[in-house]
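Please look over the sequence and structure shown here. A short report on them follows.

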Protein chains: 4
Amino acid sequence: MIIIMKDDATEEQIKNVEHVLRDFGFKTHPIVGEAKSVIGAIGDKRQLSMNQITTLKGVESVVPIMRPYKLASKELKKTPSVIEVGHGVTVGGDQLAVFAGPCAIESQEQFTEVSRLCKEAGANILRGGAFKPRSSPYSFQGLAGDGLKIMYNSGHELKMPICTEVLDTRDVELVANFADIMQIGARNMQNFQLLKEVGKCNKPILLKRGLASTMEEWLMAAEYIMSEGNEKVILCERGIRTYETATRNTFDISAIPIAKELTHLPIIGDPSHASGTYKYVPAIAKAAIAAGADGLMIEVHNCPEKAASDGAQSLKPEKFSSLMKELDPIAKAVGRKLL
Amino acid sequence: MIIIMKDDATEEQIKNVEHVLRDFGFKTHPIVGEAKSVIGAIGDKRQLSMNQITTLKGVESVVPIMRPYKLASKELKKTPSVIEVGHGVTVGGDQLAVFAGPCAIESQEQFTEVSRLCKEAGANILRGGAFKPRSSPYSFQGLAGDGLKIMYNSGHELKMPICTEVLDTRDVELVANFADIMQIGARNMQNFQLLKEVGKCNKPILLKRGLASTMEEWLMAAEYIMSEGNEKVILCERGIRTYETATRNTFDISAIPIAKELTHLPIIGDPSHASGTYKYVPAIAKAAIAAGADGLMIEVHNCPEKAASDGAQSLKPEKFSSLMKELDPIAKAVGRKLL
Amino acid sequence: MIIIMKDDATEEQIKNVEHVLRDFGFKTHPIVGEAKSVIGAIGDKRQLSMNQITTLKGVESVVPIMRPYKLASKELKKTPSVIEVGHGVTVGGDQLAVFAGPCAIESQEQFTEVSRLCKEAGANILRGGAFKPRSSPYSFQGLAGDGLKIMYNSGHELKMPICTEVLDTRDVELVANFADIMQIGARNMQNFQLLKEVGKCNKPILLKRGLASTMEEWLMAAEYIMSEGNEKVILCERGIRTYETATRNTFDISAIPIAKELTHLPIIGDPSHASGTYKYVPAIAKAAIAAGADGLMIEVHNCPEKAASDGAQSLKPEKFSSLMKELDPIAKAVGRKLL
Amino acid sequence: MIIIMKDDATEEQIKNVEHVLRDFGFKTHPIVGEAKSVIGAIGDKRQLSMNQITTLKGVESVVPIMRPYKLASKELKKTPSVIEVGHGVTVGGDQLAVFAGPCAIESQEQFTEVSRLCKEAGANILRGGAFKPRSSPYSFQGLAGDGLKIMYNSGHELKMPICTEVLDTRDVELVANFADIMQIGARNMQNFQLLKEVGKCNKPILLKRGLASTMEEWLMAAEYIMSEGNEKVILCERGIRTYETATRNTFDISAIPIAKELTHLPIIGDPSHASGTYKYVPAIAKAAIAAGADGLMIEVHNCPEKAASDGAQSLKPEKFSSLMKELDPIAKAVGRKLL
């Protein structure tokens, strides 16, 4: 790390900073300039909070050089991780992963029916919400345990892995019993207790990016899970919060090449939650695959009783099927397989 | 609510939307224009997810008119809430609340000593972290139960209420046994399970604004707690995430008059976490009081063994004491009491 | 537009709002609810500033229904515009437009050489900066008139249209004499005097999105140009400002499908300025084409004297050539032609 | 500056970077670590674009140490600037500056009347818009030259300096003839040609912060003006763009203490444009003064013909007068004078 001293820092203050750094095992290299002095410090930053140095007298700022995550980085593992998620499906290899599923779990028949349509269209993983994080306490909160069983049955019947969200440390064991992949939602990306708890499971974790998380914070959240022993983390870009209101969130397309540079973990894109409207889902889905994503998560709805419905952010099964056909040549163009 | 139909919506689609709305008990008022039609719907939006209407054929968008929160709003309770937090201290009345406390709980002696200095300077509530949410799994995670006991002892001795964060639904009961005020941190503002759990306690809750939460999402989080029966919610503005990097977060000074307009709940300001550097704490603290905040939360550190330390975002006890004296005439200027 | 009245608005205030609206030629439809009243107003919002209604007594807020731009919208022109930019090149049709060019104009020989390499790789429009908007007054400000002549000569020799930025109303005539396409940079997107001035020219305008502009503000800027008589506007998404620092700006991929929905104007993507680093340019370029962009603007550098240079956001000619080959099958997959 | 080399940078690449730096007159200090090497470079960064170093082979990133602005910084001038703006009024001293004025210039009588009311309430500078930057080309664009004359007459009669915006390089001379202070609006903060042009005048410049500008970009814009010889720059914080929609912009209260730390230039706050609604103006105005601002700019309207009007972001003269009285004790509390 580099310690930048204030313009009026005294020689004694510089020596004191060096002293503290050497106590933590760093080698120090002071560079005294006309206007400013800086100290280069070589060592493992993870031993030391940058904050502890910032507080020393005469210090203006501290610039980290090493990244704060290790297991998630390419330092130790340079090749991309390919994660087995059940029923022979993998995430991170040549074959793209497509998570798809209905808006709400209403009954066994309905869920199996829409899941079958998703499978026929080319999806290889089922998604659905049993526990739902809702902004309003007055909104439907999900079917909980009953929803888990319905998903499990459909997955079993269709021989497809299932992915569902876990919201509470107290539910981790229950969800792990039914799900093939456990999802950490955007709102819980920095719920560190939950991250640690799923880190103790031996199940793949789909880690959604927080509403306003930086790439570094996201990879630190992955590190939390991995540091407990579970290295099967799949990143999912689902849009970030910006000033623009034309979409619900702003899909950060750059997150894909940046993730490919910084980590060996696979990354998928979720155009449904990013845009908040089905109209923009196809364009963003194509963009994500073209940019190098390892897969997609797409909401597909099945509401036969509401024939008049267009779907807010969900695609109808037939539109999803068309999209999969349109995605296929793009996948091939970037050296991946889809259908 | 107002339903805006697409330019090419058919008469049949308009009738269908009206039909669905009337099924939910709304009265409908279609307005047919040359380019566009809209439908006014009078009724209780909380019965119906806006999403359900958005998905109907021919609908372009839905504009809410009523606010989605009720208990937190001024609809039912027009006068400001004054919340008793123990030892005769209230938050929301004429007397400003000042939460202060050391950076880290290290030992009983140290915590009591700095707490005493805070009290002498004019603080009336103690703050401290027993469970610490840390971005890195490799950082110090707090003293947990031992920290709670230390805080409890100091509060008891100094006759001051104590406030500490709870991170996990499994710890709510434990923390509630020791703390006078339980804090929900910014990262957990939309951890709905935790909100519900603290909503079942009979303890005041300090609800920090999420990293990138809108005013409405924040008040919906308060509504979650209140809908479980606990109406003792204190809001805490602690800075929001923006593009500006000169401060760690951007203190949203407007949140104070907006909260005063939208809710009866008290609101305090946390300049320490907002700015991330002690240098800007006094200016922001003064601004918050001048804007009408009901109090402040300020980090005051006590690190006698590190004599060379300036403190990153913490104030030294003597600086805190000076700040309190500077705040006093501002408090008086806006009709409040501080010292 | 919909006027939402305050909870305590009086009957007289409602009548007054209706009166004012009718004066402006609107038909009004009051809807009186138990908690709130609203007024639907049918007419041409462009006759009236929403602000004028917001200020009336008893009004809580005003919700627009019609979009504020007209010439840029699909109301009057439903089919996509195909804009001729010279030398037989068009923007907006099946053939994708690729603007490419060197980092800096240094000499005639150098500019022509790198332009030739761009053309060989498949670019069909040359870009370069004669007038440079620089954040620092101490940075190189461009070759001005001499740069224009160099660009003109290269374009003439290679039979390619040239695109260059105009910064000042006083330079519009000069730049229009040399350039085939005049660029309005992100920092000038709301320099309304400049927009009006280029609106009086009969030259295609490349309108970059402002640093933190909404889609609506961007289309209003296009409307400024078009309202002066020049309808040849090409939109260029170049990244927006967000809290994320891993890229210089955040490329808003959704801007492409949104533009396709809202306007008939063509839209291209600029991955070089969005990311600020050449490493992410290929992934973002592919994403933009897959999402439906009508073309790309890419910085290609030519600095033979600095053999050790990797280029910050510029691609070397050979990398640009590889990228074009990789883009070709993606273009075909979305029904467009590139090479 | 500090140059951080890539993990796999070769010794030769490090030597090459050092070579280039020394060519530019820097002294270099290489620090070779186990995982990474860095190079400390002591010299004047303003001689060299950081970009030029970033592009060298083996370089990961470049960290600036010196600030890029000089005239605006406290390096050369440590004491706060006090700027004379005419009629004996100064900005930056003990006496706070209060810019106030009507929403629109309609006639000589009206402008003089509302200006007189502003003066009586305690304002010491008049503001008004002769040239108006409007988002829509269909909105009223201001009275131009006639508005300037009206303002000039009122200022002359009331013996108050007047401040008005200049939008176009071609109008600088005209505006400078009439105005005591020329305003650069938020949308033109990076209109560098306009900054240079007003930098050649001998008139104080009110420089509004850009819609989404960092503190550094803002001070660089001031540097543009100052580098042309005009050091009389007054900064004006008017809210930045964030995701929050409850206010039109987010008033960045921290900008005030940060400006006080980084520059000798005075800074005022504009709560009217920041909030976009008159309701929040008093709270933000008080906060700005408490935080140490050198003054305020407040819209005061005068629309006697629209008796039903509440004013969107403008205060009525009587509300402005009350606010001034409420501000007075806060000004005193921070050691300043208002009335």
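## A helix with two sides

On one side of helix α1 of chain C, four residues are exposed: Glu11(C), Glu12(C), His19(C) and Asp23(C). The model is a predicted one, and that holds for everything below. On the other side of α1(C) from these exposed residues come the buried ones. They are Ile14(C), Val17(C), Val20(C) and Leu21(C). Why do they sit on the same side of α1(C)? Because they cover an arc of only 125° around the axis.

The helix itself runs over residues 11-23 of chain C and has 13 residues. From its first C-alpha to its last, α1(C) reaches 18 Å. That is close to the 18 Å expected at 1.5 Å a residue. Next comes Gly25(C), which follows α1(C) and has a positive phi, near 90°.

## Positive phi without glycine

Two residues that are not glycines also have a positive phi. Take Ala144(A): its phi is about 55°, although Ala144(A) is not a glycine. Where does Ala144(A) lie? Ala144(A) is in the loop between β8 (125-127) and α4 (145-158) of chain A. Is Ala144(A) buried, exposed or partly exposed? Ala144(A) counts as partly exposed because 13 other C-beta atoms lie within 10 Å.

Lys159(C) is the second case. Its phi is positive, about 60°, and Lys159(C) is not a glycine. The residue belongs to the loop between α4 (145-158) and β9 (162-165) of chain C. Lys159(C) has 11 other C-beta atoms within 10 Å, so Lys159(C) is exposed. The cut-off for exposed is 12 or fewer such atoms.

## Chain A as a whole

Chain A has 339 residues, and 58% of them count as buried. Its secondary structure comprises eleven helices and 14 strands. Along the principal axes, the C-alpha atoms of chain A fill a box of roughly 75 × 40 × 40 Å.

Which domains does the assignment give for chain A? Domain 1 covers 2-63, and domain 2 covers 83-333. The C-alpha centres of domain 1 and domain 2 of chain A are 44 Å apart. Now consider contacts in chain A between residues at least 6 apart in sequence. Of these contacts, 65% join residues at least 24 apart.

## How chains A and D are related

A turn of 180° and a shift of 0.1 Å along the axis lay chain A on chain D, with an RMSD of 0.1 Å. The two copies are therefore related as by a two-fold rotation axis. Which C-alpha of chain A is nearest the axis? That of Tyr243(A) is, at 2.0 Å from the axis. The same surface serves both copies, and 100% of the contact residues of chain A recur in chain D.

## Where A touches D

In this interface, 16 residues of chain A are in contact with 16 residues of chain D. Three elements of chain A give two or more residues to the side that touches chain D: β1 (2-5), β2 (27-32) and β3 (37-42). Which element gives the most to that side? β3(A) does, with three residues.

By class, the side of chain A that touches chain D has ten nonpolar residues, four polar residues and two charged residues.

Methods
Residues are numbered from 1 along each chain as its sequence is written. Chains are lettered from A and ligands numbered from 1 in the order in which they are written. This is a predicted model: local features need pLDDT of at least 70, side-chain atom pairs count only at pLDDT 80 or more; totals for chains, interfaces and linings use all residues. Copies are superposed by least squares on the C-alpha atoms of residues with pLDDT of at least 70 in both. Two residues are in contact if their C-beta atoms, placed from the backbone, lie within 7 Å. The expected span of a helix is 1.5 Å times one less than its number of residues. A residue is buried if 20 or more other C-beta atoms lie within 10 Å of its own, exposed if 12 or fewer, and partly exposed in between; C-beta atoms are placed from the backbone. The arc is that of the directions from the helix axis to the C-beta atoms. Ala, Val, Leu, Ile, Met, Phe, Trp, Tyr, Cys and Pro count as nonpolar, Asp, Glu, Lys and Arg as charged, and the others, Gly among them, as polar. Domain bounds come from an automatic or database domain assignment.
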